[in-house]
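Please take the sequence and the coordinates together, beginning with a single residue and its surroundings before turning to the chain as a whole.

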Amino acid sequence: VFDELFWVQVALVRRKLELERTTPGIVHDLGGRLVDAFHERLPYPLSGAQQRVIAEIEADLGRTFPMHRLLQGDVGSGKTVVAVSALLVAVQGGHQGALMAPTEVLAEQHFYGLRDLLAELTVPDDSTLMGERPLRLELLTNRTTGAERIRLLAGLADGTVDLVVGTHALIQDQVGFGSLGEVVR
């Protein structure tokens, strides 16, 4: 059994390296202010481990190949803050971010928690007089129905939704993004 799992793992690592070598990624803008503004709004300072991991992720996001990472930690260790920091790197460069949760309950918890933390953040927007607009965060689950779903899908497609939190509803055929730059699941 060990030998079989070992060779499966070797094959997966080879495939990952091949994808990184041959698949172009988005070179994200690391010079924006959005991530710092998010960190300043947190009611607590980032831990040393969070700072280190965020720096590593940002370095990967500044490279030309797609990033694949597994972030693990105990409940309450700050994984969500690290994930949102990565998503905001994409947003500050003019792309969109998606956070996919395994259940509707968890998606809703993330959405409502992030709504307060991201409430006063703005993103650049040359179409406005001030050159910026409020960051737009939305929730997409199977409970999202009717006119709200149509409005949300239009916002994802035209890029006016910056961050979306959702369930597997995010990967249905009718969901399209204007410029999806980062996915966390």
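In this predicted model, Thr141 has a relative accessible area of 1%, and because the limit for a buried residue is under 20%, Thr141 counts as buried. Thr141 does not belong to a helix or a strand, but lies in the loop between β4, which covers residues 137–140, and α6. A polar atom of the Thr141 side chain is placed 3.1 Å from the backbone nitrogen of Arg143. Once residues up to four places away in sequence are set aside, Thr141 touches Glu104, Ala107, Arg149, Thr167 and Ala169.

The helix that follows this loop, α6, spans residues 146–158 and holds Ile150. Is Ile150 buried or exposed? With a relative accessible area of 60%, Ile150 is exposed, since the exposed class begins over 50%. Ile150 and Leu135 are 15 residues apart along the chain, and their C-alpha atoms are separated by 20 Å.

Another residue to place is His39, which is found in helix α2, a run of residues 34–41. The relative accessible area of His39 is 19%, and His39 is therefore classed as buried, given that the limit is under 20%. The side chain of His39 makes a polar contact, at 2.7 Å, with the side chain of Ser85. Ser85 also appears among the residues that His39 touches when those up to four places away in sequence are not counted, together with Leu46 and Ile54.

His39 shares its buried state with other residues of α2, namely Leu34, Val35, Ala37 and Phe38. What do the buried residues of α2 pack against? Their partners are three helices, α3 (48–61), α4 (79–92) and α5 (104–117), and the strand β2 (122–124).

Towards the end of the numbering, Val183 has its place in strand β6, which covers residues 180–184. At 48% relative accessibility Val183 counts as partly exposed, because the exposed class requires over 50% and the buried class under 20%. Although Val183 and Leu99 are 84 residues apart in sequence, their C-alpha atoms are 6.0 Å apart in space. Leaving aside neighbours within four places in sequence, Val183 is in contact with Leu87 and Ala98.

These local views can now be set within the whole chain. Its secondary structure comes to six helices and six strands, and these elements, read along the sequence, follow the pattern α-α-α-α-β-α-β-β-β-α-β-β. The radius of gyration of the chain is 17 Å, close to the 16 Å that the globule rule gives for 185 residues, so the chain is as compact as a globular protein of that length. Taken along the principal axes, the C-alpha atoms fill a box of roughly 60 × 40 × 35 Å.

How much of the chain is made up of buried residues? They account for 37% of the 185 residues. Among contacts in the chain with a separation of 6 or more, 71% come from residues 24 or more positions apart. The chain exposes about 11,100 Å², of which carbon and sulfur atoms supply 57%. As for charge, there are 17 positive and 24 negative side chains, and the centres of the two sets lie 3 Å apart.

How values were computed
Residues are numbered from 1 along each chain as its sequence is written. This is a predicted model: local features need pLDDT of at least 70, side-chain atom pairs count only at pLDDT 80 or more; totals for chains, interfaces and linings use all residues. Side-chain values use heavy atoms; hydrogens and water are left out. Helices (H or I, at least four residues) and strands (E, at least two) are DSSP runs, numbered from the N terminus. Buried means under 20% relative accessible area, exposed over 50%, partly exposed in between (1.4 Å probe, protein chains only). A polar contact is a pair of N or O atoms within 3.5 Å; within protein, one must be able to donate a hydrogen and the other to accept it, and residues adjacent in sequence count only if both atoms are side-chain atoms. Contact means heavy atoms within 4.5 Å. The radius of gyration is taken over C-alpha atoms; the globule rule is 2.2 Å times the number of residues to the power 0.38. Accessible areas come from the Shrake-Rupley method with a 1.4 Å probe; for residues, only the protein chains shown count as cover. Lys and Arg count as positive and Asp and Glu as negative; His and the chain ends are not counted. The place of a charge is taken as NZ of Lys, CZ of Arg, CG of Asp or CD of Glu.
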